[in-house]
Structures are given as C-alpha cells and as structure tokens.
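Colleague: Could you walk me through how the labels on this model were reached? I would like to hear the reasoning behind each one.

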Amino acid sequence: MARPGRGHDVVIREREPADDEAICRLNHAAFGSPIEAKIVEDLRKARLAAIELVAVEADVIVGHILFSALKVTFGEEMMPTLALAPMAVVPGRQRQGIGSDLVRHGLALARQREWWAVIVLGHPDYYPRFGFSAALAKPLAAPYSGDAFMALELVPSALSGAGGRVVYPPAFDIDT
C-alpha cells in the first residue's frame, strides 16, 4: 500500500529482521524514551509478535506498529486476541496519516489471519476512529481500565461472554 508523501511514496510492509535497529531508533524518537523499543524487543523474544509492520519512505522507516498475541480467556476458553502496542511515527511525519495507515493495514491482516479481537491502551480520541471502544473493554478483568483501555471485535460478539480476563505478558511490565 503506498501513500503520497513529500515527494515520495510511503509503503506499508511487514517488518524484516534488518529493520530492527531502525525500528528501535524510531520508537525512541517517537516516545522520547527506550521503553517502547524494549517492549518490542521483549515481545519478539517471547515469540508473541504476530503482526509487525513498517511504513517506509525513500528507503527510510518512518512508522512502525506491533500487534502481539494477548491472553484473553472466558472461563477455560482462550480468545484469539491481539494487543496493539506500540505504534510510532517519526516526529516529523506525525499527523499525516501514516499511523492511521499502519493501524488499518494491521487490522486488515488480523482479520485475514483469523484473530477475533484487538485490545489497545491508547489515546481515547484517536483509536475509536478504527472501531475501538472503551465500553467494549469495560467488562474485561484487566490491569487497565478507563477511557484509554479499548477493544475492537474482529469477529462479531467475540468479547460478549461473561467473565472475560486479560493477562498481559511480562514485556508490558515496564517500570518507568
């Protein structure tokens, strides 16, 4: 998928191992700390990275998104669920649609790969445009709550069962 940029096209593609150093630098620049880059590294090491995309413009990575397998259970039944985190765009290219393209492309791949739901802890003014809802996540027992804790069903009624529980992997247990 290409998007016109400042004289170039932004291409969304799956991450390759050769991208890792640039992804690390990008996350540090976008978030102002190494925490998100460490989360990405730890999720990869735990083999939980399910969908990982980069936005490339003129051979430079300008955006990155990671969807990782997330343990969501309803009783004894596991729900095929992803966590969306982190998503980063280089500071000079933010608010130009690159992040939105990464989210949309990642959600399309999640549907194709038969994931049932996606959970995000993110900006409550940003993620609802993709269908994420704090109300949908509210009944889930999780370490997070409030307007920033949101869910999206990729399969209708996937999260409607009683007693849903979300367990984040240790990669997200970062102390700041």
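What follows is a talk about the labels used for this predicted model.

Colleague: Let's begin with confidence: what is the average pLDDT of the protein?

Modeller: The average is 90, and 94% of the residues score at least 70. Over residues 2-7, though, the pLDDT is below 50, and this stretch has 17 contacts in the model beyond near neighbours in sequence.

Colleague: Why is Arg 93 called buried?

Modeller: Buried means under 20% relative accessible area. Arg 93 has 7%, so the label fits. Its place is in the loop between strand E5 (77-89) and helix H3 (98-112).

Colleague: What makes the pair of Arg 93 and Glu 57 a salt bridge?

Modeller: The cut-off is 4 Å between a side-chain nitrogen of Lys or Arg and a carboxyl oxygen of Asp or Glu. Here the closest N and O atoms are 2.4 Å apart, so the pair qualifies. It links distant parts of the chain, since Glu 57 is in strand E3 and the two residues are 36 residues apart. Both Arg 93 and Glu 57 are buried.

Colleague: And what joins the side chains of Arg 93 and Gln 96?

Modeller: A polar contact of 2.5 Å. The limit for such a pair of N or O atoms is 3.5 Å, so that value passes.

Colleague: How do you know that Glu 52 and Arg 15 form a salt bridge?

Modeller: Their closest N and O atoms are 3.8 Å apart, and the limit is 4 Å, so the pair counts. Glu 52 lies in strand E3 and Arg 15 in the loop between E2 and helix H1 (20-31), so the pair ties together parts that are 37 residues apart in sequence. Glu 52 counts as buried because its relative accessibility is 6%, while Arg 15, at 25%, counts as partly exposed. These two also belong to a network of salt bridges with Asp 20 and Arg 44. By this rule the count comes to 12 salt bridges.

Colleague: What separates Glu 21 and Arg 25?

Modeller: About one helical turn, because they are 4 residues apart in helix H1. They form a salt bridge as well, with the closest N and O atoms 2.9 Å apart. Glu 21 has a relative accessible area of 59%, and exposed means over 50%, so Glu 21 is exposed.

Colleague: How do you know that the span of H3 agrees with what is expected?

Modeller: At 1.5 Å a residue, the 15 residues should span 21 Å, and the end C-alpha atoms are 21 Å apart, so the two agree. Among the buried residues of H3 are Ile 98, Leu 102 and Leu 109.

Colleague: What is notable about the phi of Ala 58 and of Arg 95?

Modeller: Most residues other than glycine have a negative phi. Ala 58, however, has a positive phi of about 50°, and the phi of Arg 95 is near 65°. Ala 58 sits in the loop between strand E3 (49-57) and strand E4 (60-74), and Arg 95 in the loop between E5 and H3. Ala 58 counts as partly exposed because its relative accessibility is 43%, whereas Arg 95, at 88%, is exposed.

Colleague: What makes strand E7 mostly covered?

Modeller: Of the 5 residues in E7 (149-153), 4 are buried. E7 pairs with strand E6 (117-121) in the antiparallel sense over 5 bridges; the pairing rule asks for at least two, so they count as paired.

How values were computed: Residues numbered from 1 in each chain as written. Predicted model: local features only at pLDDT ≥ 70, side-chain atom pairs only at ≥ 80, totals over all residues. Heavy atoms only, no water. Buried < 20%, exposed > 50% of the residue type's maximum accessible area, 1.4 Å probe, protein only. Polar contact = N/O pair within 3.5 Å; in protein donor to acceptor, adjacent residues only side chain to side chain. pLDDT = per-residue confidence, 0-100. Contact = heavy atoms within 4.5 Å. Expected span 1.5 Å × (residues − 1).
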